[in-house]
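Hi,

Here is the structure I promised to pass on. Have a look at it first, and then read my notes underneath.

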Amino acid sequence: MKKTAILLSTSRYNGNTSALVDAVSDQTDVDVFNLKNYNISPFDYEHKNIDDDFVPLVKKLLNYEHIVFASPVYWYSMTAQMKTFFDRISDLLHVKKELGRKLRSKTCSVVSTGASPQPETSFEETFINSFDYLGMKYNGMLYCYCEEKFKLKEHKVNINSFIESM
Ligand SMILES: Cc1cc2nc3c(=O)[nH]c(=O)nc-3n(C[C@H](O)[C@H](O)[C@H](O)COP(=O)(O)O)c2cc1C
């Protein structure tokens, strides 16, 4: 298995996406970074926020070969905090370019939960297009449909296949 980090974003501390990430991390040697612990402000064309927690977090993530982005589906898309993280990746294309170049060697995947039986295509497309633009290799998505609460036994087979693909 590649050296793996999971970047988690959810508005619910003990919710479905956290439970899914726990199920993956309990069975694997991965490190989890929760975006709620980082102060990352919205993209600024003048890069006046370059000293917030974004660059230190990116430097940590660059120590891994495989980055898993974990987000619930909120309004057909990733969480606002994760979208802010992606917006800030633009910093790495204009300033801090040496960090942006290092993203190119990374493999990435997505894990998600949602209330629709099938994930809306817009959710995964944003990730796929972003990884493609950044030259990162996409390894696929694990999506767990949660009518209400995440139930591990309903998703165990898919979680195990996802782990095997890591
Ligand atoms: C603000 C908000 C927007 C949502 N939008 C969608 C959506 O577009 N599609 C969907 O399938 N589920 C949607 N849901 C349901 C969540 O994706 C689902 O309950 C998920 O498992 C919640 O994960 P969490 O406990 O980590 O927040 C939404 C939930 C919230 C709170």
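Below is what turned up on helix packing, the cavity and the pockets.

One thing to keep in mind throughout: this is a predicted model.

Let's start with helix 3 (residues 80-89) and helix 6 (residues 121-134), whose axes come within 12 Å and cross at roughly 20°. That makes the two helices roughly parallel, since angles under 35 degrees count that way. The crossing of helix 3 and helix 6 is left-handed. On the helix 3 side, the contact uses Met82, Phe86 and Ile89, and they meet Phe127, Ser130, Phe131 and Leu134 of helix 6. By class, this contact has six nonpolar residues, one polar and no charged.

The second largest pocket brings us back to this pair of helices, as helix 3 and helix 6 each give at least two residues to its lining. Its volume is about 170 Å³. Phe86, Ile89, Ser130 and Leu134 are among the lining residues, and so are Lys83, Asp87 and Tyr133. If you're after polarity, the lining splits into six nonpolar, three polar and two charged residues.

Helix 3 also turns up at the cavity. The count comes to one cavity of 30 Å³ or more, and the volume of the largest cavity is about 80 Å³. Its lining consists of Val58, Leu61, Leu62, Ile67, Phe69, Phe85, Ile89, Leu103 and Met136. Helix 2 (54-61), strand 3 (66-70) and helix 3 are the elements that give two or more residues to this lining. By class, the lining has nine nonpolar residues, no polar and no charged. Ile89 lines this cavity and also lines the second largest pocket.

Now for the other helix pair. Helix 1 (residues 16-26) packs against helix 7 (residues 152-165) at about 50°, with the axes 10 Å apart. Helix 1 and helix 7 are therefore oblique to each other, and the crossing is right-handed. Leu20, Ala23 and Val24 in helix 1 meet Leu152, Ile159 and Ile163 in helix 7. The residues of this contact are six nonpolar, no polar and no charged.

Last, the largest pocket, which holds about 300 Å³ of space. It is lined by 19 residues, and the closest to its centre are Val73, Tyr74, Thr113, Gly114 and Ala115. Helix 1 and strand 4 (107-114) are the elements that give two or more residues to the lining. Eight of the lining residues are nonpolar, seven polar and four charged.

Cheers

Notes: Residues are numbered from 1 along each chain as its sequence is written. This is a predicted model: local features need pLDDT of at least 70, side-chain atom pairs count only at pLDDT 80 or more; totals for chains, interfaces and linings use all residues. Side-chain values use heavy atoms; hydrogens and water are left out. Axes are lines fitted to C-alpha atoms, for helices over the stretch in contact, and angles run from 0 to 180 degrees between N-to-C directions. Helices (H or I, at least four residues) and strands (E, at least two) are DSSP runs, numbered from the N terminus. Angles under 35 degrees count as roughly parallel, over 145 as roughly antiparallel, 65 to 115 as roughly perpendicular and the rest as oblique. A crossing is left-handed if the near helix is turned anticlockwise from the far one by less than a right angle, and right-handed if clockwise. Contact means heavy atoms within 4.5 Å. Ala, Val, Leu, Ile, Met, Phe, Trp, Tyr, Cys and Pro count as nonpolar, Asp, Glu, Lys and Arg as charged, and the others, Gly among them, as polar. On a 1 Å grid over the protein atoms alone, a cavity is a set of points where a 1.4 Å probe fits but cannot get out, and a pocket is an open set with protein on both sides within 12 Å along at least five of seven lines; lining residues have an atom within 4 Å of a point. Grid points are joined across faces, edges and corners, and a volume is the space filled by probe spheres set on the points.
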